[in-house]
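Q: Could you take me on a close look at one part of this predicted model, and then show me how the rest is put together around it? I would like to start with a pair of neighbouring strands.

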Amino acid sequence: MRLPLTLLLLLTLTRCLGQTLSAVDKKLADVYENVPERYTDDQKEARMELFERLLMKYTRQLPKTISYPFKNLSETSAVYISTSDDSNLRIYSYDRNRRRSMPWFNNVYQYRANGKVLARHVKPPHQLVPDYTIYKINTLAAGGKTYYIAQRVAFGGLLTEYSLRFMAIENGGVNDNIKLLQTGKTFENVLICGKVDELNGEQKFSIDYDKASGTISMPVVSDDGKVGSKRVVYKFNGKWFVRV
């Protein structure tokens, strides 16, 4: 009796749990990137589901993965691995479509809580909209607590949207709904930084964060996506980030 392709691959590849992290890295990269062109759409989807199961298995069962560089996996097409400078939060962003069509990102949060390394698969909040790609994580210490500032980008639209999302590790999990931004009388957990027309290769958009002063700055972006020379600045006042 022939075993289904997904089951056969899973039985073979999960042997990596007893091998080195280097071997795990190579297997994850291989499952994600090296998909034969002859595969049908169903087979490609099964391969991606296998990658997701293996990524969750390794990040949950192998604590050292939270600090392992994953050189092979990070060099594959459209996989971003970001780690906070305190090494307590890592986010894996990967394109489920592998850039074969419109990018469709999912994220995995891996974090330290209660002396353990845990992981959670974060699917897009809406079925018709992909999640953001997280490419950098900054930290802010305030009131005896550590907050995380996730720099993220949304691909696939006419304009590329850059934004920040505020998070914290609390109650044994990652709370990504921390409202650290004050705008008037309202408080938000996301700061939209700019929607940039990146078809012009000369345009560069960067979000700068000064940890010592608790200051975030970014270029002003026009309605048509052009990056200007002036910058917008937000400063943490002890409770919230406010525009200055």
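A: Strand 1 and strand 2, the latter made of residues 89-95, run antiparallel and are joined by five bridges. One pairing to find on your screen is Tyr-80, whose bridge partner in strand 2 is Ser-93. Keep in mind as you look that this is a predicted model.

Now zoom out a little. These two strands belong to an open sheet of four strands, ordered 1-2-3-4 and paired in antiparallel fashion. At its edges stand strand 1 (79-83) and strand 4 (116-122); each has a single partner strand, so one side of each is left without a neighbour in the sheet. On average, neighbouring strands here are turned by 15° against each other, direction ignored. Helix 3, residues 41-61, packs on this sheet and touches strand 2, strand 3 (105-113) and strand 4. The direction of helix 3 makes about 155° with that of strand 4.

Further along the chain, let's pause at Arg-152, which sits in strand 6 (residues 145-154). Is this arginine buried or exposed? Arg-152 has a relative accessible area of 5%, and since buried means under 20%, it counts as buried. Its side chain has a polar contact of 2.7 Å with the side chain of Ser-163. Arg-152 and Ser-163 are eleven residues apart along the chain, and their C-alpha atoms are separated by 5.5 Å. Leaving out residues up to four places away in sequence, Arg-152 also touches a group that includes Tyr-132, Ile-134, Glu-161, Arg-165 and Val-190.

Next comes the nonpolar side of the picture. In soluble globular proteins, nonpolar side chains tend to be buried together. In this model, the largest nonpolar core has 25 residues, and Ile-216 and Phe-241 touch the most other members. At least two residues of this core come from each of strand 5 (133-142), strand 6, strand 7 (160-170), strand 11 (190-196), strand 13 (215-221) and strand 14 (227-236). Strand 7 gives the largest share, four residues.

To see this core from one of its members, centre your view on Ile-216. Beyond its neighbours within four places in sequence, Ile-216 is in contact with residues including Ile-149, Leu-164, Ile-207, Val-232 and Phe-241. Asp-208 is also among the contacts of Ile-216. Apart from this core lies another, of 22 residues, with Leu-21, Leu-28, Tyr-32 and Leu-73 among them.

Terms used:
Residues are numbered from 1 along each chain as its sequence is written. This is a predicted model: local features need pLDDT of at least 70, side-chain atom pairs count only at pLDDT 80 or more; totals for chains, interfaces and linings use all residues. Side-chain values use heavy atoms; hydrogens and water are left out. Two strands pair if DSSP finds at least two bridges between them. Axes are lines fitted to C-alpha atoms, for helices over the stretch in contact, and angles run from 0 to 180 degrees between N-to-C directions. Contact means heavy atoms within 4.5 Å. Buried means under 20% relative accessible area, exposed over 50%, partly exposed in between (1.4 Å probe, protein chains only). A polar contact is a pair of N or O atoms within 3.5 Å; within protein, one must be able to donate a hydrogen and the other to accept it, and residues adjacent in sequence count only if both atoms are side-chain atoms. A nonpolar core is a set of buried Ala, Val, Leu, Ile, Met, Phe, Trp, Tyr and Cys residues joined through side-chain atoms within 4.5 Å.
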